[in-house]
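Work through the following exercises with the sequence and the model side by side, and try each task before reading its solution.

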Amino acid sequence: MSRSKSLLPSLLSLAVALSFTAQAGVTDADLVNANKITTGVLSAGLGSQGQRFSPLAKINTNNVAGLVPAWSFSFGGEKQRGQESQPVVYNGKMFVTASYSRIFAIDTKTGNQLWKYEHRLPDGIMPCCDVVNRGAALYGDLVIFGTLDAHLIALDQNTGKVVWDEKLDDYKAGHSYTSAPLVAKGLVMTGISGGEFGVVGRVDARDAKTGKLVWTRPTVEGHMGFMNGKENGISGETNKSWPGDMWKTGGASTWNNFTYDPETNLVFAGTGNPAPWNSHTREGDNLYSCSTVAINVDTGKIVWSYQNTPNDGWDFDGVNEFVNFDMMKDGKVIKAGGKADRNGFFYVNDRTNGKLINAFPFVKKITWAKGVNLESGRPEYVAENRPGTPNEAAEGKKGQMVFAAPSFLGGKNQQPMAYSPDTSLFYVPANEWGMEIWNEPVGYKKGAAYLGAGFTIKTINENYIGALRAVNPVTGKTEWEITNNAPLWGGVLATHGGLVFYGTPEGFLKAVDAKSGKELWKFQTGTGIVAPPVSWEENGQQYIAVVSGWGGAVPLWGGDVAKKVNYLNQGGSVWVFKLFSNQSTADSGAIVPVAAH
Ligand code: CA
């Protein structure tokens, strides 16, 4: 699409754009090149590598001050709550998911609704951390998204009619689905939420056209994988890193977005906490919890894994996205991946084999470990800062309470970072906070919370929690930072225009200089932003879009922080921006040939 377009005179761009409709919709080749295609936003992460980098530069450091709204669209209804969704854009349509398992198709030129689908949710769904959804996937003429009752649904992009509807798992056992599915090689890959209920995490791959299950790979050591209905080998070795039967309800849920590297044919899934939270019940590393797990898309088998927090005792879910990038080090290009983990360390691994290349803090206060040993790849724990085992003699049988930083809400949580190949920097939406945490006795019961821990989130600094940080993956240095009063919970977009866009819970979408962090533009969207911005071009004009609507885990679980930010109002809308122009093509609703301007 845009690869060929870039070779053609701009007069022909309309004809090229129209030629999509005659084709078979979004292809595997389109998805492989989605990081370069600028005429749409074909996947979560602006490409399966997850860099969230737009090669567009029409909006740049010189003119971003002239950015104005093109349109805004309200999700409406009484169902507001957290809006963590990244829109996808294809062929003049924006597909955007919203709280309570809704999806809308919107005309990108006018902002008019084309269709909407509201999934009928049963009573008794159990999403741990708000009724969010992080976005949809595109394949062929389908748009595919998951629901809070753990269904995966494919709709016709043109009509909004359901083409297939597959049950991922039993919501009554605590399963739900909140992330954006990932499509590669004709397979739609999904994880599962519910690590707080002792579900067993896994990655499922389905035929994207039909929804039929092809393979499933559990992310708790000891569980059997399947391919086409046949056994496909156990993940790891039963009882190697888990005592007794604990692996049977071992958690390691795969609840955030995956990335995929076409060069190595690996899908990278992050895994959540081992269950229950009390680490004393499960001596050992508890593979593959709190890890990056690399799975071969053809075989459905684990090729490598790297565990960020072995024997986690702080709910440091390792689900944060593993962003593929090529790192220059000592004159050599390393096929690398970067991950800003909830535990406060930024990790760089070789994405071909998982070997740890670098690890350094990206937050200022880390209590649970002194550092990460680059030789062994393991953390250097501070033993006294692990919450103690439950004490039979104490009130409520509580174990020794500790103050831990980061808090379980993480140095970074679901909010995705961006990587710019222009600056070779990661832009990390980080948070500085801690928690008081203690362990209590707990037993597994289907559909009941399986934590065995109590906690209160605490602030560390008077004047800020959030900090957008430009992080150098080679040196570990933070090149610049912008602090923010409320915790950052939206994502980041970097562009070839030298810009970094990010949203704040205070409601602002901001553009800053990627090199210096200098603020160049901001706009108040009316409610807090907890979703990542995107960019694309149509009819020669570059657009920026972001979903706005305060919510997510912070107001529900944030303790003292939730009280501090309880003045923030809910909402639910998508905002689209363009450069101000007297000769706008975007408002008329008609397709105007580029030559007329
Ligand atoms: Ca968790």
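**Exercise 1.** In which loop, between which two strands, does T527 lie? Determine also whether T527 is buried or exposed, and describe its surroundings.

*Solution.* Bear in mind throughout that this is a predicted model. Start with the position along the chain: T527 belongs to the loop that runs between β37 (519-524) and β38 (534-538). Next, consider accessibility: T527 has a relative accessible area of 7%, and because buried means under 20%, T527 counts as buried. Then list the neighbours, leaving aside residues up to four places away in sequence: T527 touches G507, the stretch S548, G549 and W550, and the stretch N569, Q570, G571 and G572. With N569 there is also a polar approach, since a polar atom of the T527 side chain lies 2.7 Å from the backbone oxygen of N569. Finally, for a distance across the chain, take A486, which is 41 residues from T527 in sequence and whose C-alpha atom is separated from that of T527 by 13 Å.

**Exercise 2.** Where is T178 placed, and with which side chain does the side chain of T178 make a polar contact?

*Solution.* The first step again locates the residue: T178 sits in the loop that links β10 (162-167) to β11 (182-184). The second step is accessibility, where a value of 6% puts T178 in the buried class. In the third step, with residues up to four places away in sequence not counted, the residues that T178 touches are V132, N133, R134, L148, S193 and W255. One of these, S193, is the partner asked for, as the side chains of T178 and S193 make a polar contact at 3.5 Å.

**Exercise 3.** How many disulfides does a search of the whole structure find, which cysteines form a disulfide, and is C290 buried or exposed?

*Solution.* The search of the whole structure returns 1 disulfide. It joins C128 and C129, with their sulfur atoms 2.2 Å apart, and the criterion to apply here is that the two sulfur atoms be within 2.5 Å. The angle about the S-S bond is -105°, and the link of C128 and C129 is left-handed. Both partners are partly exposed, C128 at 30% relative accessibility and C129 at 26%. C290, by contrast, is in no disulfide, and the nearest cysteine sulfur, belonging to C128, is 14 Å away. The last step gives the accessibility of C290, which is 0%, so that C290 counts as buried.

Methods. Residues are numbered from 1 along each chain as its sequence is written. This is a predicted model: local features need pLDDT of at least 70, side-chain atom pairs count only at pLDDT 80 or more; totals for chains, interfaces and linings use all residues. Side-chain values use heavy atoms; hydrogens and water are left out. Buried means under 20% relative accessible area, exposed over 50%, partly exposed in between (1.4 Å probe, protein chains only). Helices (H or I, at least four residues) and strands (E, at least two) are DSSP runs, numbered from the N terminus. A polar contact is a pair of N or O atoms within 3.5 Å; within protein, one must be able to donate a hydrogen and the other to accept it, and residues adjacent in sequence count only if both atoms are side-chain atoms. Contact means heavy atoms within 4.5 Å.
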